[in-house]
Amino acid sequence: MSVLGVYGIEHVSSILYYGLHTMQHRGQEGCGMVCVDADGNMKRHRGIGLVSEVFKEQHISAMDGKIGIGHVLYTGADARGVDNLQPLYFHHGSGDFALAHNGNVVNSKVLTDILERKGSLFHSHSDAELLAHLIKKDDPDEPRIFSIIEALKQMEGAFAFLIMTKNRLYACRDKYGFHPLSIGKIDDGYVVSSETCAFDTIGAEFVRDIAPGEIVTIDKKGIRSSFYSDDCRCKMCAMEYIYFARPDSDIEGCNVHAYRKESGRRLFHEAPADADIVVGVPDSSLSAAQGYSEASGMPYEMGLIKNKYVGRTFIQPSQSLREKGVRMKLSPVRSIVNGKRVVLVDDSIVRGTTSRRIVGMLREAGATEVHVRIASPTMTHPCFYGVDTSTLEELMLARMNIEDACKAIGADSLAFLSYEATLKSASGRSDMCLACFDGKYPTPLYEHIEDVNK
Ligand code: SF4
């Protein structure tokens, strides 16, 4: 998922359209935007599908204004369907507001149960709707920031929320800073984005990252900052660097391409392979493959071609769709791999589906050996923070050791990047969340604890 907010910039719907398009890799199930028009009315359009499918010219021109928020959706199995599309938009006596979020609140069931017992009714499974119930104001004269702070104090987990009123934008990041959220500037206006790659596309200049636990308020007075917690820590999701983010994004001062290239270099030093060429799995593993190639001296070759018009395998919502996705989206280049010993560099092994099919494809195209090198540690635990890595039962490396996994995917050898090198690749930072690799979850897990202890 990703969020994008704009304050004080003309043609807001066009800016949101291009910015959301840039972040399409973070979710392909649906998207939406809410904009405030010149009379202070909020207008929304959202739908299932890609940004280019959901938004036509008439939608963009019908929603012009200077303040707006947008969202692209990718979900787990329990939060699909039109009701969960964001931004959500609410009428309330204290003023209309719209919300969008990225991440996952791990105590949402506890909070929802409490609210339902008090009479709240929910339309969706979205954490944005939960926040909407928690920030409703009893006193219309009380500044909304107080109810936002009180609401966020009750929430545990990973979240980046954008809350928009007709004249103000609030951007909130959880106290662990699991997912990125950055501020950019265009002339006198501001944008807030889940990834900095959107800034280049829409012509914004990077200002700064929003800190863990920070709530940034943007209105006609400019930018103000407050914190909802005294206990803020940095637990940036390692998978943002490894898989999720675009290579041209910077996450907390570290460029994603530079991170992946360094992880590839370290992967070679930890797990060298005797082969003829290095091939990366497009797109997220190409930088790591380049790093592996540079460190090894073996040529980097484009042995796999991606059909760019098929969605990311990992994000497809069901196993059968994922399997079809792999077949449709990658093709081996026979003239490059035929008769060669190939080092295949990939970013991670989740269910093993993609690795098995790609190794098979390379062999069918004539590769004499396929040595798989993974630029992250073995993924042995599910994520509860908004990254749909899979359930414990589905994770290949939770069910079998590396030797058996190597046989299962049909490779000649298989090796993973160490935990230490994963950290060192991010300019030596030691403060990332690596829970899907080591099971050390930075937060209490509430009802999800059953999914770890199965
Ligand atoms: S558990 Fe894994 S995917 Fe989830 S936030 Fe932590 S590092 Fe990211």
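Me: In which loop does Pro87 lie?
Reply: This is a predicted model, and one of its cis peptide bonds runs from Gln86 to Pro87, with omega near 0°. Most peptide bonds are trans. As for its place in the chain, Pro87 lies in the loop between strand 4 (67-73) and strand 5 (88-90).

Me: Where does Asp283 lie?
Reply: The peptide bond that leads from Pro282 into Asp283 is cis, with omega near -10°. Asp283 itself belongs to the loop between strand 16 (277-280) and helix 10 (286-296).

Me: Which residues touch the most other members of the largest nonpolar core?
Reply: In soluble globular proteins, nonpolar side chains tend to be buried together. The largest nonpolar core here has 137 residues, and the members touching the most others are Leu99, Leu162 and Leu344.

Me: Which strand gives the most to this core?
Reply: The core of 137 residues draws at least three residues from each of domain 1 (2-233) and domain 2 (254-452). With seven residues, the element that gives the most to this core is strand 7 (residues 157-165).

Me: Which residues does Leu99 touch, not counting residues up to four places away in sequence?
Reply: Leu99 is one of the three residues that touch the most other members of the largest nonpolar core. Leaving aside residues up to four places away in sequence, the contacts of Leu99 include Pro87, the residue that follows the cis peptide bond from Gln86. The full list of its partners is Pro87, Leu88, Ala128, Leu131, Ala132, Phe161, Leu162 and Ile163.

Me: What are the classes of the residues in the shell around the ligand?
Reply: The residues around the ligand are Phe178, Cys237, Ala238, Met239, Cys383, Tyr385, Val387, Thr389, Cys433, Leu434, Ala435 and Cys436. Two or more of these residues come from each of helix 8 (238-244) and helix 17 (435-438). Sorted by class, the shell has eleven nonpolar, one polar and no charged residues.

Me: What is the bridge partner of Gly30 in strand 3?
Reply: Strand 2 (residues 30-36) pairs with strand 3 (residues 42-48) in the antiparallel sense, over seven bridges. The hairpin of these strands has five residues between them, and in it Gly40 takes a positive phi near 85°. Within strand 3, the bridge partner of Gly30 is Ile48.

Me: Is His11 buried or partly exposed?
Reply: Most residues other than glycine have a negative phi. His11, although not a glycine, has a positive phi of about 55°, and His11 is found in the loop between strand 1 (2-7) and helix 1 (12-22). Because it has 16 other C-beta atoms within 10 Å, His11 counts as partly exposed.

Me: Is Glu252 exposed or partly exposed?
Reply: Glu252 is not a glycine, yet it has a positive phi of about 45°. Its place is the loop between strand 14 (250-251) and strand 15 (254-255). A residue is buried with 20 or more other C-beta atoms within 10 Å and exposed with 12 or fewer; Glu252 has 19, so Glu252 is partly exposed.

Me: Is Ile15 buried or exposed?
Reply: Ile15 is found in helix 1, and beyond residues up to four places away in sequence it touches Val6, Ile9 and Ile202. There are 26 other C-beta atoms within 10 Å of Ile15, so this residue is buried.

Me: How many Å apart in space are Ile15 and Arg260?
Reply: In sequence, Ile15 and Arg260 are 245 residues apart. In space, taken from C-alpha to C-alpha, the separation of Ile15 and Arg260 is 29 Å.

How values were computed:
Residues are numbered from 1 along each chain as its sequence is written. This is a predicted model: local features need pLDDT of at least 70, side-chain atom pairs count only at pLDDT 80 or more; totals for chains, interfaces and linings use all residues. A residue is near a molecule or strand if its C-beta atom, placed from the backbone, lies within 6 Å of it. Helices (H or I, at least four residues) and strands (E, at least two) are DSSP runs, numbered from the N terminus. Ala, Val, Leu, Ile, Met, Phe, Trp, Tyr, Cys and Pro count as nonpolar, Asp, Glu, Lys and Arg as charged, and the others, Gly among them, as polar. A nonpolar core is a set of buried Ala, Val, Leu, Ile, Met, Phe, Trp, Tyr and Cys residues joined through C-beta atoms within 7 Å. Domain bounds come from an automatic or database domain assignment. Two residues are in contact if their C-beta atoms, placed from the backbone, lie within 7 Å. Two strands pair if DSSP finds at least two bridges between them.
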